[in-house]
Amino acid sequence: MRATPLTTVRNLGILAHVDAGKTTLTERVLYATGTTHKRGEVHDGTTVTDYDPQERDRGITIFAAAVSCTWNEHRINLIDTPGHVDFADEVERSLRVLDGAVAVFDAVAGVEPQSESVWRQADRHGVPRIAFVNKMDRVGADLDTAVASLRDRLHVVPLVVQLPIGREDGFTGVVDLVRMRALVWSAAAGAPGSGSGTFEVCAVPDALREEALRRRRLLDERVAELHPAALEEYCATSTLSASTLVAALRELTRGGEGVVVLCGSAYRNRAVEPLLDAVVDYLPSPADMPPVRGTALHGACGEGVEERVADPAAPFAALAFKVNATATGRLTCLRVYSGTMRKGETVLDATAGRTERIGRILRVQADRHAEVEQAVAGDIVAVVGLKSTRAGTTLCAPDAPLVLEPPTVAAPVVSVAVEAGTRADIGRLSSALARLVEEDPSLAVRTDPETGQTVLSGMGELHLEVAVEKIRLSHGLRVEVGRPRVAYRETVARGVSGLVYRHVKQDGGAGQFAHVVIDVAPLDGDDGDDVSVIHDGSGTGTGTGTGTGGSGGAGGFVFRSVVVGGRVPQEFVRAVEAGCRDALAEGPLGGHPVTGLRVTLTDGATHSKDSSEMAFRAAGRFALREALRAATMELLEPVVEVVVTVPDEAVGGVLGDLAARRGRVAGSTTRTGSTSITAAVPLAELFGYASRLRSRSQGRGTFTSRPVGYAPVPATVYARGASD
């Protein structure tokens with residue numbers, strides 16, 4: 001596939017906040033490298049990487065797209081990632097397989113909320129980065145202000161290697177501070193839609209020479225402070241040579257000790273070529289990365305940690321990070337970490353323990369592909385023919401099984417109920433949802449066992465909107481979307497005693513007779529339950545009464561019998577309990593399941609001929625129904641524990657919003673620059689919270705939730721129709 005050595009490969013991603021210019025920059029990179037011969041524009045829907053119809057309609061990147069190009073005899077495998085927070089999982093899976101990244105920042109806005117989020121994601125993966133301050137031609141663009149925001153918001157050491165020539169609309173080029181030269185683009189060459197992107201290399205303009213020398217001295221000093229070899233040369237000569245500076249910047253970038261900062265205007269096609277030079281000079285190749293670590297399943301040394309170097313001759317190991325279910329079959333994107341993969345070979349799906357056959361190997365160009373015969377260590381390619389491989393799956397040589405760490409998948413935070421528009425489409429909708437989850441692991445589909453609704457969960461409202469629209473467009477289905485119903489419960493607030501029920505039925509032949517007397521009371525502390533938050537399904541409250549037949553029940557229900565003298569035989573006691581459990585299915589307030597009560601059978605009577613288990617089961621059912629209608633009932637709502645993480649300056653607004661949602665704050669912890677708030681919030685109040693939190697925290701807040709039980713609905717809320 002490639003005759004060039006591994007050291008000439010760069011696997012990098014483009015990271016940024018939405019609308020910072022990632023896709024436009026990718027287009028200019030493809031154009032500058034000769035991969036495309038016409039520059040695509042986001043606003044025209046003609047870009048290579050935003051090929052999905054929804055991306056072109058919305059004007060944003062939704063799905064990570066891989067492209068490949070060549071610059072100065074180096075192969076660059078580039079992934080254009082989404083910038084919207086709802087699609088952060090696409091960024092996460094991409095970062096897992098990348099060796100470096102270009103972080104794009106708006107020259108006016110500087111570090112924006114999602115810029116900060118993706119930067120932290122890259123920190124977790126240890127991905128070396130360089131920064132590109134884009135849109136230098138905009139009104140209000142200021143390189144120094146943008147660099148200051150990097151220093152203050154991201155807590156990095158920016159190493160600025162360029163000085164802009166001209167301001168705002170007069171931006172025409174940059175001064176290369178490393179080689180002390182000017183790169184100038186003509187106004188015609190940089191105009192949108194022009195065919196030329198050539199630039200002129202010349203001496204630093206006299207008006208900028210003094211400022212360029214000052215900034216070069218600052219760059220030398222900062223690099224010397226961070227790099228021992230550079231410090232030695234700086235102490236000897238009071239300056240750094242270009243070669244020493246490049247070598248030091250490369251090591252500082254790869255070690256994460258500094259961030260090289262460049263600037264330009266992707267839209268006007270200015271300063272893209274120096275950025276490509278910086279990618280080659282400063283970002284690592286697969287050969288520079290440490291060996292990939294995984295779990296060896298059945299190696300000579302048994303199970304344990306094993307390392308694989310990026311060597312085409314080593315045993316094959318690759319990680320699947322993206323799956324596209326196209327009309328012509330499944331397309332699986334892989335990062336090859338070691339060994340060689342050839343067309344037609346059989347490989348092991350080490351995650352699932354089954355074999356797969358490599359059908360075709362494709363070099364990816366967004367939605368276009370070029371078939372190749374093999375892929376080697378360091379390559380990012382797509383494979384056709386894998387039947388069951390999922391994102392996060394490890395493919396390896398059958399005789400050297402290895403499981404690599406998969407990308408982490410965040411828990412969904414927003415849900416909607418989906419249903420087919422017609423009964424005939426129910427099966428097709430199920431199939432479409434299964435394919436959707438296969439492509440995007442951050443989506444989850446489940447059927448609510450109580451409401452019967454099909455619930456689709458994701459990372460945000462836009463994420464779910466895009467997923468549903470994809471089903472409509474790709475499968476031609478009419479899909480109805482609504483708010484998921486909340487699974488309420490009912491419980492006894494104040495019970496009744498001595499309720500008598502006689503079940504008598506005579507239709508000819510053997511009749512039915514059962515006489516029961518029951519007490520109904522709420523579960524209390526002695527039953528092991530919490531009266532304020534009842535944990536449904538926990539099986540609390542084991543029956544320990546002094547009478548016979550005591551039994552605990554799942555769902556916060558306890559039944560016991562204190563009948564003496566054999567007035568109700570034991571087999572009929574069990575039938576009464578079964579009947580009571582039948583009655584728990586629907587409560588008197590709104591037909592919701594009933595929980596958190598104790599039923600005591602205190603007395604009863606039988607008939608020598610007409611009493612039976614069926615009669616006593618019916619008596620138990622009807623008796624409890626009457627008792628619940630006579631008792632004082634409370635509506636319970638599901639409560640979730642929410643952990644909200646926001647910047648310190650947004651804490652006040654978030655606390656106020658949680659209080660407005662009837663949340664009870666349990667505590668908070670403060671870390672550098674951020675605060676995590678733990679609160680119990682009714683589930684019904686969390687719909688739409690993701691968008692609200694982002695608006696209150698400038699897009700920098702996140703939250704996780706988990707169910708913790710049920711709590712009474714306040715009377716004021718219930719009066720507004722909570723039971724609906």
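## A walk from the sheet edge to the core

Start by selecting V160 and V261: V261, in β11, is the bridge partner of V160. Keep in mind as you go that this is a predicted model.

Now widen the selection to the two strands around that pair. β11 covers residues 259-263, and three bridges join this strand to β6, with the two running parallel.

**The whole sheet**

Next, colour the strands. You should find an open sheet of seven, in the order β2-β3-β1-β4-β5-β11-β6, with mixed pairing. Which strands stand at the edges? Pick out β2 (65-71) and β6 (158-160): each has a single partner strand, so one side of each is left without a neighbour in the sheet. Turn the view to follow the twist, which averages 30° from one strand to the next. As background, strands of a sheet pair through backbone hydrogen bonds, either parallel or antiparallel.

**Into the core**

Show side chains next. The largest nonpolar core has 40 residues, and those with the most contacts inside it are L25, V102, I130, V223 and L249. Which helix gives the most to this core? Select 272-282: this is α10, and it supplies seven residues. In soluble globular proteins, nonpolar side chains tend to be buried together.

Zoom in on V102. Setting aside residues up to four places away in sequence, V102 touches L12, G13, I14 and L15, along with L25, I130, F132, L275, V279 and L283.

**Two crossing helices**

Stay with L25 and L275, and bring up the helices α1 and α10. L25 is one of the α1 residues making the contact, together with R28, V29 and A32, while α10 offers V272, E273, L275 and L276. α1 spans residues 22-32, and it packs on α10 at an angle of about 85°, the axes being 10 Å apart. At that angle, α1 counts as roughly perpendicular to α10. Sort the contact of α1 with α10 by class and you get six nonpolar residues, two charged and no polar ones.

**Last stop: V42**

Move on to the loop between α1 and α2 (53-58), where V42 is found. Is V42 buried, partly exposed or exposed? V42 counts as partly exposed, because its relative accessibility is 22% and the buried class is under 20%. Leaving out neighbours within four places in sequence, V42 is in contact with T23, T24, T47 and G59. To finish, draw a distance between the C-alpha atoms of V42 and T61: they are separated by 9.5 Å, with the two residues 19 apart along the chain.

Definitions and conventions
Residues are numbered from 1 along each chain as its sequence is written. This is a predicted model: local features need pLDDT of at least 70, side-chain atom pairs count only at pLDDT 80 or more; totals for chains, interfaces and linings use all residues. Side-chain values use heavy atoms; hydrogens and water are left out. Two strands pair if DSSP finds at least two bridges between them. Helices (H or I, at least four residues) and strands (E, at least two) are DSSP runs, numbered from the N terminus. Axes are lines fitted to C-alpha atoms, for helices over the stretch in contact, and angles run from 0 to 180 degrees between N-to-C directions. A nonpolar core is a set of buried Ala, Val, Leu, Ile, Met, Phe, Trp, Tyr and Cys residues joined through side-chain atoms within 4.5 Å. Buried means under 20% relative accessible area, exposed over 50%, partly exposed in between (1.4 Å probe, protein chains only). Contact means heavy atoms within 4.5 Å. Angles under 35 degrees count as roughly parallel, over 145 as roughly antiparallel, 65 to 115 as roughly perpendicular and the rest as oblique. Ala, Val, Leu, Ile, Met, Phe, Trp, Tyr, Cys and Pro count as nonpolar, Asp, Glu, Lys and Arg as charged, and the others, Gly among them, as polar.
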